[in-house]
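Biologist: Could you walk me through how to read some features of a protein model? I would like the general idea, then the case at hand.

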Amino acid sequence: MALKAVPIWVCANHSDSQLGFWDWGHKRSTGSGSRRSLDLGGFRKWQCSGVMLGQRAKTPVEDEKPLTPELSSKEETQITGSRGFHKDLNSLPRPLSATDLSSSPSAGSNGSPGAYSEAAALKAYPKCETVPCDEFEAAFKAVELWLVDKAVLPIENSVGGSIHRNYDLLLRHRLHIVGEVQLVVNHCLLGLPGVRKEELVRVLSHTQALDQCEIALSKLGIVRVTADDTAGAAQFVASNGLRDTGAVASARAAEIYGLDILAERIQDDSDNITRFLILAREPVIPGTVRHHKTSIVFSLEEGPGVLFKALAVFALRGINLSKIESRPQRKRPLRIVDDLNKGSAKYFDYLFYIDFEASMAEPRAQYALGHLQEFARFLRVLGCYPMDTAL
């Protein structure tokens, strides 16, 4: 699925049992078709959104810029006349930014529905209300400032791989992973009512959505135009009445913005799955009834086979590793290693993120982390949470 088609969603009023976090710290103290880009203004890259279940904030975020371009009365008549179309797209609130959250702690607004992340949020919390954020950082801050209770954000995709920005933010912020959501995504080709797909000259969507629909779009022979996100692309086509332009987005985006579905399931790979993490201020109490997963991050001492030893602590106890990700340490990117033959050598210094299938309530998981701590310079548990096994 298109990673940009997976914004962040924030959830509120789903209380969890409190439990202190584990943190050991330092033990010694794209496609072959024609491609263009389009500036969508308010549609930010990695748009974030959220869900809220409880009391909503009383003070809305001020709109610094309109979400969509100004429409003339003629254009507005043309657009609002489409069946099922939202009567005033400009009334859709601008997503919260990190600046908004810092300056206006009571800020809150409805989300712009239609992005794939909305489906992920509703899968986790079917009765949630959405609150948008325009970047991942804003979603983390929204939870930290008690504006919302939880954040649901993408961490990896079966086609596009890991979202490294969110791995970095997990370490930077003190939120806890309390759940995960796996979502199957299907791309649709959307257009204004009455338009046939053969009439389209160009198609607008996030670059990864376009890449994942390479075969279908190549057969149509239309120009691909990159946008910041899939739902924003659908809204842009609708608000500007672009009859020669389609959008690759979700079926829900078509319903919301009054577009017709010209073709369904146009992705090249039918198995297109994105995994989301649910973050909260407090961790959940790990159990043993359901299958649990634990996420950790650590750095290692220098030495031959030290990474092998780190992974072996899990294998020795029959614990399956489902994910491993390495990220260079930003504050200490290079490590100097003395070599008597050739002088000093410099190597990248890494942080390792691992997901393993065991609960912190199990002794084997506790023993494995205790063993790992013996040669890890830094070790932190990001969360222990029930696995999502339903697609």
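Modeller: Gladly; we will take cysteines, a helix, aromatic rings and a helix pair in turn, keeping in mind that this is a predicted model.

Biologist: Let us start with the cysteines. How many disulfides are there?

Modeller: The count is 0 disulfides. Take Cys 188 as an example: the nearest cysteine sulfur belongs to Cys 213 and is 9.1 Å away. A disulfide needs the two sulfur atoms within 2.5 Å, so Cys 188 is in no disulfide.

Biologist: Is Cys 188 buried or exposed?

Modeller: Cys 188 has a relative accessible area of 3%. Buried means under 20%, so Cys 188 is buried. Cys 384 is buried too, with a relative accessible area of 3%.

Biologist: Now a helix. How many residues of helix 4 are buried?

Modeller: Helix 4 spans residues 136-144, and 7 of its 9 residues are buried, which leaves it mostly covered. Among the buried ones are Phe 136, Phe 140 and Val 143, and Glu 137 is on that list as well.

Biologist: And what follows helix 4?

Modeller: Trp 146 follows helix 4, and its phi is positive, near 65°. Trp 146 also has a charged partner: Arg 281 lies over the face of its ring, at 3.7 Å from the ring centre.

Biologist: That brings us to rings. How should I describe a pair of them?

Modeller: A pair of aromatic rings is described by the distance of the centres and the angle of the planes. Here the count is 4 aromatic pairs. For Tyr 350 and Phe 352, the centres are 6.3 Å apart and the planes lie at 40°.

Biologist: Why is the pair of Tyr 350 and Phe 352 called tilted?

Modeller: Planes under 30 degrees apart count as stacked and over 60 as edge-to-face. The planes of Tyr 350 and Phe 352 are at 40°, so the pair is tilted. Tyr 350 is partly exposed, at 31% relative accessible area, whereas Phe 352 is buried, at 12%. Together with Phe 298, Tyr 350 and Phe 352 form one aromatic cluster.

Biologist: Finally, how do I read two packed helices?

Modeller: Two packed helices are described by the angle between their axes and the distance between the axes. Helix 10 (residues 306-315) and helix 11 (residues 363-373) have axes that come within 9 Å and cross at roughly 165°. Angles over 145 count as roughly antiparallel, so helix 10 is roughly antiparallel to helix 11.

Biologist: Is the crossing of helix 10 and helix 11 left-handed or right-handed?

Modeller: The crossing of these two helices, helix 10 and helix 11, is right-handed.

Methods: Residues are numbered from 1 along each chain as its sequence is written. This is a predicted model: local features need pLDDT of at least 70, side-chain atom pairs count only at pLDDT 80 or more; totals for chains, interfaces and linings use all residues. Side-chain values use heavy atoms; hydrogens and water are left out. Buried means under 20% relative accessible area, exposed over 50%, partly exposed in between (1.4 Å probe, protein chains only). Helices (H or I, at least four residues) and strands (E, at least two) are DSSP runs, numbered from the N terminus. Rings of Phe, Tyr and Trp (its six-membered ring) pair if their centres lie within 6.5 Å; planes under 30 degrees apart count as stacked, over 60 as edge-to-face and the rest as tilted. A charge sits over a ring if NZ of Lys or CZ of Arg is within 6 Å of the ring centre and within 35 degrees of the ring normal. Axes are lines fitted to C-alpha atoms, for helices over the stretch in contact, and angles run from 0 to 180 degrees between N-to-C directions. Angles under 35 degrees count as roughly parallel, over 145 as roughly antiparallel, 65 to 115 as roughly perpendicular and the rest as oblique. A crossing is left-handed if the near helix is turned anticlockwise from the far one by less than a right angle, and right-handed if clockwise.
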